[in-house]
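Biologist: Please take one helix and show me closely how it packs against its surroundings. Keep the terms simple, and explain each one as it comes up.

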Amino acid sequence: MSDTIALTSSVPESERFVRERALQVNRSSYRWQHLAGLPACVDGMPEVERVSGLDSELFDYDIGVSLASAAISAIGWTLDKRGAGKLSHYDKLYALRTRPDVADRWREDEEFARQRLDGTNPLQIQRCTEVPDHFGVTDERVAPLLGAHTLDSLGDAGRLYLCDWAALEGVPTNLGRFLTAPMALFWVDDRGVLMPLAIQLGQSVREAPVVFTPADEKWLWLTARTHVQAADAAYHELVAHLFRTHLWMETMWVALNRSVPPQHPVYELLAPHVAGTININYKARTELIAPGGPIDDAISVGTDGSYWLINQALQTFTFDDLDPRRDIERRGVDDRDLLPGYHYRDDALALWDVIGRFAEEVLRVFYADDAAVAADDELAAWAHELSADDAGGIRGLPLTGGRFATFEALHHVVRQAIFTASCEHSAVNNGQYDIFGYIPNAPGSVYLPPPTTLADSSEGEFVYA
């Protein structure tokens, strides 16, 4: 490529024709579709986006292995009447699959806390300077765990952390299944290790009159923890994973295909990172979260709750929400000394910087200054497709007068798109089997209501929940 190819005004007339023709073809394939409650997406399935036959075969093979393993497990469960009501019964699910390592450590409180830092949803934890008024935990309730420390002293020292799933309040659930909107409090103990302190299974003391702590009877505490895990699993799958790293990337990719030709440097920068995204998203809309699909069957919120959750996230989402550095600073978890062991933070920020340098070096080949960016009409068309209400509808983009007016604005959008599609998606996607593959650790559905007293529980009650 020459160093003028991105500057539309400098492209030779013959090249203009080729680029415009490519755009006409793409615009006919990538038509906008606006479905209620979802980010803007492509209408149908462009042929070029279909996965290869090999990928489809591997996908079908994986499903086949899962079904066969489930069938063998069902036979084992039927024959082993004595195992009913015991956690060991879940070990029979791995006839053809490797049991996740978390099965050996999920009961440990340190592991429960670690999953807030490096589990499938490491985006929930935030520093807590003081306990929220609607969280009923008191110093007396956690005194057996804190010794001479108090909640206020921990907050002042930056050692108190909160995970709050308020976004789940009011979400519809399938009949016979339960999902709370819990709050979980953690502290960095005197060893420098994050540990749980208290759980409230609701957003008010009225609906959740009891605060649970690790000092409670072990099955009761595990039950409270499991309601938290189920809530986090639902929020992770629908918001942290599907909404943030899949659906929004589709919006950006459709906008790009409708505005710049494949010869454009921004197109070439982003294309490798969205390969397969539209195909996966199409399956998600038509199969995964469709009535009767896997989500409807396996997760408490089902289809209706899935759309509800995504729509709720959509109402407040802006492009800046995907900026990892701003997100980490906003949550107050940027200090490595205050919150050690937060490997997602450390790796994400290191990769964010690397991606920033890479994107800048490539873009500088084509855009020497702000004027070169502002003069690119194809970039202006992309800005319009990204932000217009009847197109992508993304809020919070760094645009001036509806255009990319500076190099920094373009660089930030490209960098953030690459990070979201690659690094953040890997963080919330690649460890799913490690965390969700052992059901007692993070169940998709809970079938008994949350406890409302401190009465002792049992292994049988826990299993059948």
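Modeller: Here is a walk along one helix, with its partners taken in turn.

The model is predicted, so local features need pLDDT of at least 70 and side-chain atom pairs count only at pLDDT 80 or more, while totals for chains, interfaces and linings use all residues. Residues are numbered from 1 along each chain as its sequence is written, and side-chain values use heavy atoms, with hydrogens and water left out.

First, the setting. The protein has 17 helices and 7 strands. These are DSSP runs, numbered from the N terminus: helices are H or I with at least four residues, strands are E with at least two. Of the 465 residues, 52% are buried. Buried means under 20% relative accessible area; exposed means over 50%, and partly exposed lies in between (1.4 Å probe, protein chains only). Take the contacts with a separation of 6 or more: 73% of them join residues 24 or more positions apart. A contact here means heavy atoms within 4.5 Å.

Now the helix itself. H6 covers residues 218-257. Two helix partners are worth a look.

Start with H3, residues 109-118. The axes of H3 and H6 lie 12 Å apart, at an angle of about 15°. An axis is a line fitted to C-alpha atoms, for helices over the stretch in contact, and angles run from 0 to 180 degrees between N-to-C directions. H3 and H6 are therefore roughly parallel. The cut-offs are these: under 35 degrees is roughly parallel, over 145 roughly antiparallel, 65 to 115 roughly perpendicular, and the rest oblique. The crossing of H3 and H6 is left-handed. H3 brings Asp109, Phe112, Gln115 and Arg116 to the contact, and H6 brings Trp221, Arg225, Val228, Gln229 and Asp232. By class, that contact of H3 with H6 has 3 nonpolar, 2 polar and 4 charged residues. Nonpolar covers Ala, Val, Leu, Ile, Met, Phe, Trp, Tyr, Cys and Pro; charged covers Asp, Glu, Lys and Arg; the others, Gly among them, are polar. As for the hand, a crossing is left-handed if the near helix is turned anticlockwise from the far one by less than a right angle, and right-handed if clockwise.

Next comes H8, residues 277-288. The axes of H6 and H8 come within 10 Å and cross at roughly 120°. That makes H6 oblique to H8. This crossing, too, is described as left-handed. On the H6 side the contact uses Leu242, His246, Leu247, Met249, Glu250, Trp253 and Val254. On the H8 side it uses Thr277, Ile278, Ile280, Asn281, Ala284 and Arg285. By class, the contact of H6 with H8 has 8 nonpolar, 3 polar and 2 charged residues.

Now look at the rings. A pair of aromatic rings is described by two things: the distance of the centres and the angle of the planes. Rings of Phe, Tyr and Trp (its six-membered ring) pair if their centres lie within 6.5 Å; planes under 30 degrees apart are stacked, over 60 edge-to-face, and the rest tilted. The count comes to 12 aromatic pairs. One of them joins Phe243 and Trp248 edge-to-face, with 6.0 Å between centres and 75° between planes. Phe243 is buried, at 2% relative accessible area. Trp248 is buried as well, at 4%. Trp248 also pairs with Phe317, and this pair is stacked: 4.5 Å centre to centre, 15° between the planes. Trp248 sits in H6, while Phe317 sits in the loop between H10 (302-316) and H11 (324-330), so the pair ties together parts that are 69 residues apart in sequence. Phe317 is buried at 4%. Elsewhere, ring pairs link Tyr90, Trp106, Trp219, Tyr438 and Phe462 into a cluster.

One last link leads to H10. Gly305 lies in H10. Gly305 is buried, with a relative accessible area of 0%. The C-alpha atoms of Gly305 and Ala234 are 9.5 Å apart in space, though the two residues are 71 apart in sequence. Setting aside neighbours within four places in sequence, Gly305 is in contact with Val171 and Pro172.

To recap, H6 runs roughly parallel to H3 and oblique to H8. Its Trp248 stacks on Phe317.
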